[in-house]
Amino acid sequence: MTLNITFDNSYARLPDRFFSPMEPTPVAQPGLIRINETLARELGIDPAALASPDGLSVLAGNAVPDGAAPLAQVYAGHQFGGWSPQLGDGRALLIGEIKAPSGRYDMQLKGSGPTPYSRMGDGRAWLGPVLREYLLSEAMYALGLPTTRALAAVTTGETVIRERRYPGAVLTRIAKSHIRVGTFQYFVSRGDSEALQVLTDHVIARHYPGVDGALGLLNAVIDAQAALIAGWMSVGFIHGVMNTDNMSVAGETIDYGPCAFMDDYHPDRVFSSIDSFGRYAFARQPEIAVWNLAQLATSLLPLMGERDAAIEAATEAVNRFPQVYADHWLARYRAKLGLVTSERDDPDLIQSLLDRMAHGQADFTNTFRALGTQSAREQFADPAGYDTWAEVWIARLAREDATPDTRRAAMQAVNPAIIPRNHRVEEAIQAGLTGDLAPFHTLTEALQTPFAEHPDLASPPTEGQRIKQTFCGT
Ligand code: AMP
Ligand code: MG
């Protein structure tokens, strides 16, 4: 199939034990949901060609584009802290690596049929998770945070059986790579140091050219993850399944399962139906990242020379995380509060606002967006909590040079007006299930400009609209 995509499949050139060559399983009737035209053009792909019958065949897995080398990647991982020695692409396939002007990107189909790693699964996805991932990953991108992207979504004309029958769908995902902490764990757990070295060299060449060996790679991933997670924490994002197999070594948000953006703020917030113990609650994300990065560090030890010295160096690297993370977090929250200069008490000022927001059940997004206005105090169940904080904040602002207008503009550029609120995402999915994709398209388009005003989409859910749990939907 000719789509004029330039592929260069570096992962497919790695040794056989890194993957299983595999073609997608064809579906009954591909149907277009949405093509991400802007992203297609950035990748050097003609959006019209993608939307053509030939393009839809590729997006649904009924044809493999010329130059691609489809395969299922193998990996392992800690899921909720428990070790799974063999995972892998069970419902996804790496179709090939696109060589675009801005770099190399995996093109992956999610929901493309069974693979040797499907275990008991059917290898398929239904419409709900596909629309969710499209909406949330593109929203994340527009918020300026590193993430995999959605190039397209199609329906399959087939039924997927979960707790009931649902229409099947396939998402085309674009990522810097799909190499995970769990990919390293897979090889080290098998004592395969040769593969570990090959993987390390591959990841360095691909994502962190110039870093010095396994320790250099570890430090680079730590920096990337610290920046990423501080980004999540600045927009109220809860990943929900921060297993080591869902942590990308490229530092992108990956695996949009039961993830969610918070409405009213609480540090202990959990949405995932499978996270019964709150392991992946909002405020725990930085410490879970450390836990995952310690697994990466352990995996890389065999490549780091003499064991005691290696352990010491790896420990020192992982121990850097809290400070690197705190610096990113502080920079992001200073900007959210309109602060340009640094003062020693700024962390307390920020934390004090968050504590009051938790106590006052204040909406995360709308509070920051409206800081300094009547509308911010109205977010609080106890506006006095906001008022006493705002006095200190206003005194702090008085020691800044910026004019109110400049400050307001700067704050509006970092505090989004809209996020993909759960009830809106759910509404788009429910409409999609009845064949009405208009709410999905409207929401997708609005979320491309989250820093502009969208009054129709800014409201938190009413009590009846509130979504308390989100599901993997696998
Ligand atoms: P996740 O929780 O989505 O990260 O998936 C964990 C593992 O389960 C991965 O190896 C997936 O490929 C696999 N998996 C999830 N859903 C399915 C499915 N419907 N069919 C086959 N494998 C699946
Ligand atoms: Mg996963």
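**A walk through the predicted model**

Let's begin at Leu 457, which is buried, with a relative accessible area of 14%. Keep in mind as we go that this is a predicted model. Leu 457 belongs to the segment after α17, the helix that runs over residues 438–446. Where does this residue lie relative to Arg 424 in space? The two are 33 residues apart in sequence, and their C-alpha atoms are 7.9 Å apart.

From here we can move to Glu 426, a residue of helix α16. Is Glu 426 buried, exposed or partly exposed? Its relative accessibility is 27%, and because buried means under 20% and exposed over 50%, Glu 426 counts as partly exposed. If you select Glu 426 together with Ala 92, you span 334 residues of sequence, and the C-alpha to C-alpha distance is 23 Å.

The loop that leads into α16 is also worth a stop. Asn 415 sits in this loop, between α15 (404–412) and α16 (422–433). A relative accessible area of 1% makes Asn 415 buried. What does its side chain reach? The partner is the backbone oxygen of Lys 336, at 2.9 Å.

Let's now step back to the domains. The domain assignment lists domain 1 as residues 11–175 and domain 2 as residues 339–401. How far apart are the C-alpha centres of these two domains? The separation is 42 Å.

Next comes ligand 1, which has 18 residues around it. The residues that come nearest are Gly 88, Gly 90, Arg 91, Gly 123 and Asn 246. By class, the surrounding shell has eight charged residues, eight polar residues and two nonpolar ones. Several polar atoms can be picked out individually. An oxygen atom of ligand 1 lies 2.7 Å from a backbone N or O atom of Gly 90. For Arg 119, a polar side-chain atom lies 3.0 Å from an oxygen atom of ligand 1. Gly 123 offers a polar backbone atom, 2.8 Å from a nitrogen atom of the ligand. How much of ligand 1 does the protein cover? On its own, ligand 1 has 490 Å² of accessible area, and the protein covers 88% of that.

Asn 246, listed above among the residues that come nearest to ligand 1, also leads us to the magnesium ion, which is ligand 2. Which protein atoms are the donors here? They are OD1 of Asn 246 and an OD atom of Asp 255, lying 2.1 to 2.4 Å from the ion. Asn 246 has a relative accessibility of 13% and counts as buried. Asp 255 counts as buried too, at 12%.

Arg 162 is our next stop, in the loop between β9 (149–161) and β10 (165–175). Is this arginine buried or exposed? Its relative accessible area is 19%, so Arg 162 falls in the buried class, for which the limit is under 20%. Two contacts involve its side chain. One is a polar contact with the side chain of Asp 122, at 2.7 Å. The other reaches the backbone oxygen of Arg 124, at 2.9 Å. As for the position of Arg 162 relative to Arg 190, 28 residues apart along the chain, their C-alpha atoms are separated by 34 Å.

Helix α9, covering residues 307–319, holds Val 318. This valine counts as buried, at 9% relative accessibility. Val 318 and Gln 225 are 93 residues apart along the chain, and 11 Å separates their C-alpha atoms.

We finish with two backbone angles to look up on your own Ramachandran plot. Most residues other than glycine have a negative phi. Asn 4, in the segment before β1 (19–21), has a positive phi near 55°. Asn 4 is exposed, at 65% relative accessible area. Gln 361 has a positive phi as well, of about 50°, although it is not a glycine. You will find Gln 361 in the loop between α11 (346–359) and α12 (364–370). Its relative accessible area is 53%, so with the limit at over 50%, Gln 361 counts as exposed.

Conventions. Residues are numbered from 1 along each chain as its sequence is written. Chains are lettered from A and ligands numbered from 1 in the order in which they are written. This is a predicted model: local features need pLDDT of at least 70, side-chain atom pairs count only at pLDDT 80 or more; totals for chains, interfaces and linings use all residues. Side-chain values use heavy atoms; hydrogens and water are left out. Domain bounds come from an automatic or database domain assignment. Donors are N, O and S atoms within 2.8 Å of the metal (3.2 Å for Na, K and Ca); water is not among the atoms, so sites may look incomplete. Buried means under 20% relative accessible area, exposed over 50%, partly exposed in between (1.4 Å probe, protein chains only). Helices (H or I, at least four residues) and strands (E, at least two) are DSSP runs, numbered from the N terminus. A residue is near a molecule or strand if one of its heavy atoms lies within 4 Å of it. A polar contact is a pair of N or O atoms within 3.5 Å; within protein, one must be able to donate a hydrogen and the other to accept it, and residues adjacent in sequence count only if both atoms are side-chain atoms. Accessible areas come from the Shrake-Rupley method with a 1.4 Å probe; for residues, only the protein chains shown count as cover. Ala, Val, Leu, Ile, Met, Phe, Trp, Tyr, Cys and Pro count as nonpolar, Asp, Glu, Lys and Arg as charged, and the others, Gly among them, as polar.
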